Amino acid sequence: MPSTTAAPTYRSLFAIREFRVLFLNRCVVVISVAASGLALATITYEATRSAVLSGLSLFGGPLVSLVVSQLLLASSDRVRPRTAMTCQMGAALVSDALQLVPGMPWQARFGLLAIPYAAYAMFAGTRWVLVREIVPEGSYILARSLMNLAEGGMQVVGYGVGGLALLWLSPRGLFAAAAVADLVSLVSVRFGLRDRPARTARDRDAADRAGGRSGKTAGRGGVVRRTMAVNRRLLCSPVTRPLYLALWVPNGLVVGCESLFVPYGNAASSGHGSLAGWLFAATAAGAMVGDLTIGRFVPPGWRDRIIEPLRLLLAVPYLLFFLTPPPAVAVPIGFLAAAGYAASLPLQDRLIRNTDDAVQGQVLGLHMNGMMLWQAIGALIAGTVASFVPPAIAMSVMAAASTAVTLLLVPGLRRSAPAAQMTPAPQWP
């Protein structure tokens, strides 16, 4: 059981061996995703010259999660955590290894996206529930911000170095690097994490020992039925629904802006792909700075107060793309805007505080799957818009849409604010 004393610093978290394993594993996974995503986007754009397909190659895999999260997401609470994460790493390894087959058409490469994303969606909440169990009580947001820093830092490395590597490596070379990273991540999970029982099994056993009736009903129903019932309650609740929408929709529309980095980079640098890598690296660095500031230096009482300014910061800078800025201006704009992603930290904290602990795997998994789904939707919309107007103009259109949604969600978010929680949280089956 975690300690009741909150860890005050990042150093305290790194003193926990399993947290170090998860942290390093996340770093390697993000490098793999960045390298393989940049490689596939480059291959797709060179083959099709389509902004829609290029964006979907980067962010379209999560469309698979739309089906999986509606049917199998309860597996995040029903499968042993180490087994679930091993399946995720193994699926990524298989997908990237198959991408090395020479002469494969881009359509087949698209199909391979389904393999890792189906596994990621099925166990989307496992990693984050495991983080909650490993770190001291009350330290989840601090730990999540540190994991986000790892993700941002490795995106800087993955996209920045990947963009430069395209000067002397083929996209297949990037896929090879991604496969090696997948193998390392698989080994780290298998031998670095302690095997734990599934979350629902622990809850059922504890209730049975206490003689409670809930022990007989905690695991009632199949995975599909349980998944659909909890998802329905989460998405129908007037408390949690606005939280999910705020975590998904504005961010997804801004990711639509980012999905146009490859076409924008090709247009701005006469067909060379390295600029897109630097744009991705700049946004990753901006997100890193935002997470570091909110997770480590902003007091908990202030985090809720700056949710709206951060959400606006995420989209408003991209409005400047209407002026078609040169690369030297576009990169700082991306850096500044990406700091607004840090609004997800206090929003996730509200989500955890307004839901039951017994379904936290599914609660956090639904957040992750919905986030990835809206990234894909944002990429699809942005690519469609960019089919009619230049990429820079399309990015400003997506930013305007994100800003509008952010403003429309303000009243609904007030229901989950700490000082105004008068609406009851959803009850769980």
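**Salt bridges and helix contacts in a predicted all-helix model**

The structure holds 7 salt bridges. The model is a predicted one, and its chain comprises 24 helices and 0 strands. Of the 429 residues of the chain, 55% count as buried. Among contacts with a separation of 6 or more, 85% are made by residues 24 or more positions apart.

Several of the salt bridges are described here in turn. Side chains of opposite charge can pair when their charged atoms come close. One such pair consists of E18 and R196, whose closest N and O atoms are 2.5 Å apart. The pair links distant parts of the chain, with E18 in helix α2 and R196 in the loop between α11 (171-192) and α12 (199-210), 178 residues apart. Both E18 and R196 are buried.

The loop between α11 and α12 also contributes D195, which lies 115 residues from R80 in the chain; R80 itself is in the loop between α5 (75-78) and α6 (81-98). The side chains of R80 and D195 meet in a salt bridge, with an N to O distance of 3.2 Å. R80 has a relative accessible area of 35% and is therefore partly exposed. D195, with a relative accessible area of 31%, is likewise classed as partly exposed, whereas E18 and R196 are buried.

A further salt bridge is formed by R353 and D304, with the closest N and O atoms 3.6 Å apart. R353 belongs to helix α21 (residues 344-353), and D304 to the loop between α18 (300-303) and α19 (307-315); the two residues are 49 residues apart, and the pair links distant parts of the chain. R353 counts as partly exposed at 38% relative accessibility. D304 has a relative accessible area of 18% and is therefore buried, the limit for burial being under 20%. Through salt bridges that share partners, D304, D349, R350 and R353 are joined into one network.

Helix α2, which carries E18, spans residues 17-48 and has 32 residues. From its first C-alpha to its last, α2 reaches 46 Å, close to the 46 Å expected at 1.5 Å a residue. Of its 32 residues, 23 are buried, so α2 is largely enclosed by the rest of the structure. Just after α2, R49 adopts a positive phi of about 55°.

Helix α15 (residues 240-259) and helix α22 (residues 360-386) cross at roughly 35°, their axes coming within 7 Å. This crossing of α15 and α22 is right-handed. On the α15 side, the contact is made by Y244, L247, W248, V249, G252, L253, V255, G256 and S259. These residues meet V363, L366, H367, G370, M371, W374, Q375, G378, A379, I381 and A382 in α22. The residues of the contact divide into 13 nonpolar, 7 polar and no charged. An α-helix has 3.6 residues a turn, so residues three or four places apart point the same way.

L253, one of the α15 residues in the contact with α22, also has its C-alpha atom 7.2 Å from that of A401, although L253 and A401 are 148 residues apart along the chain. A401 lies in helix α23 (residues 391-408) and is partly exposed, with a relative accessible area of 31%. Helix α23 has 18 residues and reaches 26 Å from its first C-alpha to its last, close to the 26 Å expected at 1.5 Å a residue. The buried residues of α23 include P391, A392, I393, A394, M395, S396, M398, A399, S402, T403 and T406.

S402, also located in helix α23, has a relative accessible area of 0% and is therefore buried. Apart from residues up to four places away in sequence, S402 touches P250, L253, V254 and A315. L253 thus appears both among the contacts of S402 and in the contact of α15 with α22.

A second buried residue with listed contacts is T283, which lies in helix α17 (residues 274-297). T283 counts as buried at 5% relative accessibility. With residues up to four places away in sequence left aside, T283 touches E258, F261, Y318, G334 and A338.

Note on methods:
Residues numbered from 1 in each chain as written. Predicted model: local features only at pLDDT ≥ 70, side-chain atom pairs only at ≥ 80, totals over all residues. Heavy atoms only, no water. Helix = DSSP H or I, 4+ residues; strand = E, 2+ residues; numbered from the N terminus. Expected span 1.5 Å × (residues − 1). Buried < 20%, exposed > 50% of the residue type's maximum accessible area, 1.4 Å probe, protein only. Salt bridge = Lys/Arg side-chain N within 4 Å of Asp/Glu carboxyl O. Axes fitted to C-alpha atoms, helices over the stretch in contact; angles between N-to-C directions. Left-handed = near helix turned anticlockwise from the far one by under 90°. Contact = heavy atoms within 4.5 Å. Nonpolar A, V, L, I, M, F, W, Y, C, P; charged D, E, K, R; others polar.
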